[in-house]
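Take a walk through this structure. We begin in the interior, move out to a sheet and its strands, and end with the rings and a few unusual backbone spots.

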Amino acid sequence: MSTFAAKGVGSILSKKGKTLATLTLALALAFPAGLTANASGQTAGSDYYNEVHRNQFHFSPQANWMNDPNGMIYFEGEYHQFFQYDPYEKTQGPMHWGHAVSKDLIHWEQLPFALVPDENGVIFSGSAVIDYNNTAGFGKNAMVAIFTHANGPRQVQSLAYSTDRGRTWTKYEGNPVMPNPPVPDWRDPNVFWHEESNQWVMTLASKDRIMFYTSPNLKEWTYESEFGPDGGIQGTGKAGGYSFAVSTQRGQSFVYEADVMPIENNTLIGAGGLVFRADPEMKSGYVAMLNTETDKVTLGKIGNDSITEIVSKPADLRASTTYHVKVETIDERVKIYVDDKLVIDQQDSSFESGYFGLSSWNSSAVFRNVKFTNTSNFVTNISGWTPVSGTWAIY
């Protein structure tokens, strides 16, 4: 179930079962006492939308508790919406996936349950896709639900599929397809097909961060990256020296950017910059530095435990001021932008590929919103920094 409040359909309903006066009133008016769902997830009456106090614009189930909308998708002339559903009570209980379809997003027909709890747990939130290329082997144009199975504190990711326009559903016999949660709160998979890389991409809520996974077939998933709380990271080195941190990610041609704030520490005025195409020990690579002591933007080359200046340009730089630094590389060409203004455009063939890093000199620097765009992949934040020299800490 989502860690964020659901918007639009079902948005008035509390996610975690908190009692709201408006919810109590709405339920009392909309659902007469004793009205419950049958085994298919529908009440006996088929004209429930004609009830006097029934909301005529937003979808509501025939009876009982609903919250998060799930897996909204359009296929062969129909809009599908699934939703978190307790078909037996007016308060949150064992979550099912309810199901409704519409041709105009206003008039809805409630269908039988799509997914019900089983030995792997209850059915939390997720998404749905059309597998046009039959990558999963469930059939061409199969509708596939990717959802969280929750069993107590354990949350895993599973699949179900339909080959009849969502009318009947079969759970994949290999569930769960992602059985090893890194943290207890690991849920709400959102999946889409990424045409450029010819694979499925999943975003997954993981406690205080979002994790990215990829798959060729919806069944086998590989961790790619993540981003989390953006408090920033601060690097501090000794006077006259550099401090470095390295990421686990690397690139060749890319856009690499961050908000960089050099800091004056104990009268020491320093520099902060982005390292790229480096080796893990920072013995080679490039660094784009903002130096508030010299008022220069510099492209340097790391080698032999020192940094050699390739080119520098004057700039009006101030300590404790944040600057947006962007490095754009295409083969031998390196462009450096400061606050979206091109400052350096240089050719250098020393290093073709390598790791991303951060650097401060002589004092401290804080880095926020660090990310890169790799032209052969997708945008992601860089995380998992490993100190190489100096002191690094969450700011």
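**Inside the chain**

The largest nonpolar core has 33 residues. Within this core, Y256, L274, F276, L358 and F367 have the most contacts. The model is a predicted one.

Look at F276 more closely. Leaving aside residues up to four places away in sequence, F276 touches F254, Y256, G285, Y286, V287, A288, L299, V327, T329, V334, Y355 and F356. Apart from the 33-residue core lies another core. That other core has 18 residues, including V129, A136, V144 and M202.

Rings also gather here. F254, Y256, F276, Y286, F351, F356 and F372 are linked into a cluster by ring pairs. F276 belongs to this cluster, and F276 is also among the residues with the most contacts in the largest core.

**The chain as a whole**

Step back for the overall numbers. The chain has 395 residues, and 51% of them count as buried. Its secondary structure comes to one helix and 27 strands. The exposed area is about 18,300 Å². Carbon and sulfur atoms supply 51% of that area.

How much of the contact total comes from residues 24 or more positions apart? Among contacts with a separation of 6 or more, such residues account for 57%.

**A four-stranded sheet**

Now find the strands at the start of the numbering. Strands of a sheet pair through backbone hydrogen bonds, either parallel or antiparallel. One open sheet here has four strands in the order β1-β2-β3-β4, and the pairing is antiparallel. Which strands stand at the edges? They are β1 (65–75) and β4 (108–115). Each has a single partner strand, so one side of each is left without a neighbour in the sheet. On average, neighbouring strands of this sheet are turned by 25° against each other, direction ignored.

Follow one pairing in detail. Strand β3 covers residues 96–102 and runs antiparallel to β4. Five bridges join the two strands. H99 stands opposite L111 in β4.

Strand β1 holds M66. Is M66 buried or exposed? Its relative accessibility is 3%, and the cut-off for buried is under 20%, so M66 counts as buried. M66 is 27 residues from G93 in sequence. In space, their C-alpha atoms are 9.9 Å apart.

**Rings in pairs**

The count comes to 22 aromatic pairs. One of them is formed by W97 and F147. Their ring centres are 6.1 Å apart, with 55° between the planes, and the pair is tilted. W97 lies in strand β3 and F147 in strand β6 (residues 142–151), so the pair ties together parts that are 50 residues apart in sequence. Both partners are out of reach of the probe by the computed figures: W97 is buried at 0% relative accessible area, and F147 is buried at 0% as well.

A second pair joins Y213 and Y223. The ring centres lie 5.8 Å apart and the planes stand at 70°, so this pair is edge-to-face. Y213 sits in strand β11 (residues 209–215) and Y223 in strand β12 (residues 222–227), 10 residues apart. How do the two partners differ in cover? Y213 is buried, with a relative accessible area of 8%. Y223 is partly exposed, at 39%.

**Unusual backbone spots**

Three places remain to visit, each in a loop. Start with the peptide bond between N175 and P176. That bond is cis, with omega about -5°. P176 is found in the loop between β8 (170–171) and β9 (186–194).

Next comes R165, in the loop between β7 (154–162) and β8. Phi of R165 is near 60°, a positive value in a residue other than glycine. R165 is partly exposed, with a relative accessible area of 32%.

The last stop is M282. M282 lies in the loop between β16 (271–278) and β17 (284–291). Its phi is also near 60°, positive although the residue is not glycine. Is M282 buried or exposed? M282 is buried, with a relative accessible area of 5%.

How values were computed:
Residues are numbered from 1 along each chain as its sequence is written. This is a predicted model: local features need pLDDT of at least 70, side-chain atom pairs count only at pLDDT 80 or more; totals for chains, interfaces and linings use all residues. Side-chain values use heavy atoms; hydrogens and water are left out. A nonpolar core is a set of buried Ala, Val, Leu, Ile, Met, Phe, Trp, Tyr and Cys residues joined through side-chain atoms within 4.5 Å. Buried means under 20% relative accessible area, exposed over 50%, partly exposed in between (1.4 Å probe, protein chains only). Contact means heavy atoms within 4.5 Å. Two strands pair if DSSP finds at least two bridges between them. Axes are lines fitted to C-alpha atoms, for helices over the stretch in contact, and angles run from 0 to 180 degrees between N-to-C directions. Accessible areas come from the Shrake-Rupley method with a 1.4 Å probe; for residues, only the protein chains shown count as cover. Rings of Phe, Tyr and Trp (its six-membered ring) pair if their centres lie within 6.5 Å; planes under 30 degrees apart count as stacked, over 60 as edge-to-face and the rest as tilted.
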